Structure formats: structure tokens, C-alpha cells
Amino acid sequence: MLWFRGNRVHLARYSFGFLLRNLSTSKTNLPVLTLFTKDPCPLCDEAKEVLKPYNNRFILQEVDITLPQHSAWYERYKFDIPVFHLNGQFLMMHRVNISKLEKQLLKLEQQGAEGGPVCS
């Protein structure tokens, strides 16, 4: 038990990475936008509304940081949600930055069109 507690961040990253790989290898090759959230989270609800026009350009994955298996994310983001990662990389927090999202989505779409790796 002590080993698990001492390495919980590593284990959380490993399980998150496994989930990300499974989602990102789907037939569509859409990038994965991860929303770190909790219930209730009015800012998260607002962010999801802002993202609706872009839903066809990514797979939205929600991670409830209050669940025991996400305790490392809770420690990291408990005061900052909503937090967004795009393909496993930090993208933004607190509010949706449309220009930043658009820029990164275009970058990933161009990489995919050129035959380059879609996941960063």
C-alpha cells in the first residue's frame, strides 16, 4: 500500500496514457480533448457549451478528479478546473481559449493531412 501511495502520480499517468492511446487509435484519428472536471462545476458546463461547435473535430474525454483513481489529478488541479489537455498535453485552464484551441486543432489536422503523427 505504501508503494502505491508513493507512486500514485506515476500510476495515474500510466492509466491515463493507456486510455489516451486507446481513444486516439480510433478509426477517426480525431485528437482527444480531455476535460478535467468535478461535479458540480458551472465553469465546466459553460466550457462544454462553448466547445459544442468544435465537437466534430475532437473526442471529448471527461476526467472527474474527485474519483479515487484520479487523486493525482485532484492534487494537481483542484483549484484550477476546468483544465484541458489536447492529446495528453496541457492546453488551457479556467476558460476555453478558442483561438488557442483552433490553432492547436489546425496544427494537428495539418499533421494528419501530411501523413505525420496526429498525436503529439
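Mentor: Helices and strands are DSSP runs, helices of at least four residues and strands of at least two, numbered from the N terminus. The model before us is predicted. With these terms, Pro-40 can be placed in the loop between strand 1 and helix 3.

Trainee: What makes the peptide bond from Asp-39 to Pro-40 notable?

Mentor: The bond from Asp-39 to Pro-40 has omega near 0° and is cis. Most peptide bonds are trans.

Trainee: Which residues does the other cis bond, with omega about 0°, join?

Mentor: Ile-81 and Pro-82 are joined by that cis peptide bond. Pro-82 belongs to the loop between helix 4 (71-77) and strand 3.

Trainee: Why is Gln-61 called buried?

Mentor: Buried means under 20% relative accessible area. Gln-61 has a relative accessibility of 7%, so Gln-61 counts as buried. Gln-61 is part of strand 2 (residues 59-64).

Trainee: What makes the pairing of the side chains of Gln-61 and Thr-34 a polar contact?

Mentor: The cut-off for a pair of N or O atoms is 3.5 Å. The contact between the side chains of Gln-61 and Thr-34 is 3.1 Å, which is within that limit.

Trainee: How do you know that the buried residues of helix 3 lie on the same side of the helix?

Mentor: In helix 3 (residues 42-51), the buried residues are Cys-44, Ala-47 and Leu-51. Their arc around the axis is only 60°, and therefore they are on the same side of helix 3.

Trainee: Against which elements do the buried residues of helix 3 pack?

Mentor: Their partners are strand 1 (32-37), strand 3 (83-86) and helix 5 (98-113).

Trainee: What makes the phi of Asn-87 notable?

Mentor: Asn-87 is not a glycine, yet its phi is positive, at about 50°. Most residues other than glycine have a negative phi. Asn-87 sits in the loop between strand 3 and strand 4 (89-93).

Trainee: Is Asn-87 buried or exposed, and how do you know?

Mentor: The relative accessible area of Asn-87 is 3%, under the 20% cut-off, so Asn-87 is buried.

Trainee: Why is His-94 called partly exposed?

Mentor: Partly exposed covers the range between the 20% and 50% cut-offs. His-94 has 35% relative accessibility, so His-94 counts as partly exposed. His-94 is located in the loop between strand 4 and helix 5. Although His-94 is not a glycine, its phi is positive, at about 75°.

How values were computed. Residues are numbered from 1 along each chain as its sequence is written. This is a predicted model: local features need pLDDT of at least 70, side-chain atom pairs count only at pLDDT 80 or more; totals for chains, interfaces and linings use all residues. Side-chain values use heavy atoms; hydrogens and water are left out. Buried means under 20% relative accessible area, exposed over 50%, partly exposed in between (1.4 Å probe, protein chains only). The arc is that of the directions from the helix axis to the C-beta atoms. Contact means heavy atoms within 4.5 Å. A polar contact is a pair of N or O atoms within 3.5 Å; within protein, one must be able to donate a hydrogen and the other to accept it, and residues adjacent in sequence count only if both atoms are side-chain atoms.
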